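Please open the structure in your viewer and keep the sequence panel beside it, so that each selection can be followed in both places. The tour goes from one selection to the next.

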Amino acid sequence: MNNPGYYAVQRYDMQALQNSLMLMAEAVQGEKEDSLFYEYLISVAPTQEDKDIIASIRDDEIRHNLMFKQMYKMYTGQEVPDAAGEEFTKPASYEEGIQQALFGELRAVEKYREIRQGLPDRQNRDVVFNILTDELKHASKYNFLYTENRTRDIGSGSSKNRTPDDWIRYTEFLVEEALEDEKRGINSTHIYQEFILMGILVGQGYTPQQAYEIVENWEKTGESKLLQASKKMNNQ
């Protein structure tokens with residue numbers, strides 16, 4: 001086929017796939033460090049409920065890593081290369097560890113989104129989309145743990161009666177809105193900013209719907225210049 005445009009597309013697709021494979025390798029090369037991090041969080045978690053939530057997230061991450069390894073081998077015929085010099089730095093506290101984990105999940109969403117964009121087949125793009133959805137759910141769980149930890153010693157309000165699954169169901173509206181924004185092509189930075197702000201407001205006692213309306217109003221009225229600026233950013 002003597003078509004320069006066709007070959008240009010082929011070269012672009014291969015470059016996109018190579019970038020996805022590089023990010024895939026990065027995603028699984030921190031396994032040992034991640035394992036130590038989860039062990040630390042579980043060991044210092046103040047309640048069995050917290051331990052169970054973190055263990056469920058750990059198990060999901062192990063499954064995600066296996067999926068990425070299988071995908072990497074399918075495309076390359078090789079195993080993911082070992083990472084050199086992995087080091088685990090213990091967080092200063094459980095609260096700091098949970099906060100670190102929350103932002104780690106949101107960074108992972110951005111990385112996995114880029115991986116998905118470079119994959120040539122729909123089947124594996126769908127697999128990565130499901131992983132992305134899991135990561136957003138993990139972020140909701142970590143936000144729940146962070147909020148509970150901050151308020152654990154302050155009274156016994158209605159939030160104390162909610163189970164982790166109650167919180168997941170309660171905040172499902174926000175997860176769905178974040179996914180819809182992703183489908184509409186809104187850039188990741190803006191989605192993360194809004195998602196985190198809404199989660200903080202829910203932790204302060206607002207309903208998810210109220211939190212959504214407040215943050216959207218901050219953007220529309222210009223009360224938040226940073227939200228307005230990030231909304232105008234293009235996806236990379």
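Begin by selecting Thr 47, which in this predicted model sits in the loop between helix 2 and helix 3. Is Thr 47 buried or exposed? With a relative accessible area of 24%, Thr 47 is partly exposed, because that class covers values between 20% and 50%. Now add Asp 50 to the selection and show both side chains, where you will find a polar contact between the side chain of Thr 47 and that of Asp 50, at 2.7 Å. Next add Asn 149, which is 102 residues away from Thr 47 along the chain, although the C-alpha atoms of the two are separated by 9.9 Å.

Move on to Asn 143, which belongs to helix 5. Asn 143 counts as buried, because its relative accessibility is 18% and the limit for that class is under 20%. Leaving aside residues up to four places away in sequence, you can select Leu 102, Gly 199 and Ile 200 as residues that Asn 143 touches. Select Phe 103 as well, since its C-alpha atom is 9.8 Å from that of Asn 143, with their positions 40 residues apart along the chain.

Finally, turn to the largest pocket, whose volume is about 780 Å³. Of the 28 residues that line this pocket, select Gly 30, Asp 34, Phe 37, Tyr 38 and Gly 104, which lie nearest its centre. Colour helix 1 (4-29), helix 2 (31-44), helix 3 (48-76), helix 4 (94-117) and helix 5 (122-151), the elements that each give two or more residues to the lining. If you then colour the lining by residue type, you will see ten nonpolar, six polar and twelve charged residues.

Notes. Residues numbered from 1 in each chain as written. Predicted model: local features only at pLDDT ≥ 70, side-chain atom pairs only at ≥ 80, totals over all residues. Heavy atoms only, no water. 1 Å grid on protein atoms, 1.4 Å probe; cavity = no way out; pocket = protein on both sides within 12 Å on 5 of 7 lines; lining within 4 Å. Points joined across faces, edges and corners; volume = space filled by probe spheres on them. Helix = DSSP H or I, 4+ residues; strand = E, 2+ residues; numbered from the N terminus. Nonpolar A, V, L, I, M, F, W, Y, C, P; charged D, E, K, R; others polar. Buried < 20%, exposed > 50% of the residue type's maximum accessible area, 1.4 Å probe, protein only. Polar contact = N/O pair within 3.5 Å; in protein donor to acceptor, adjacent residues only side chain to side chain. Contact = heavy atoms within 4.5 Å.
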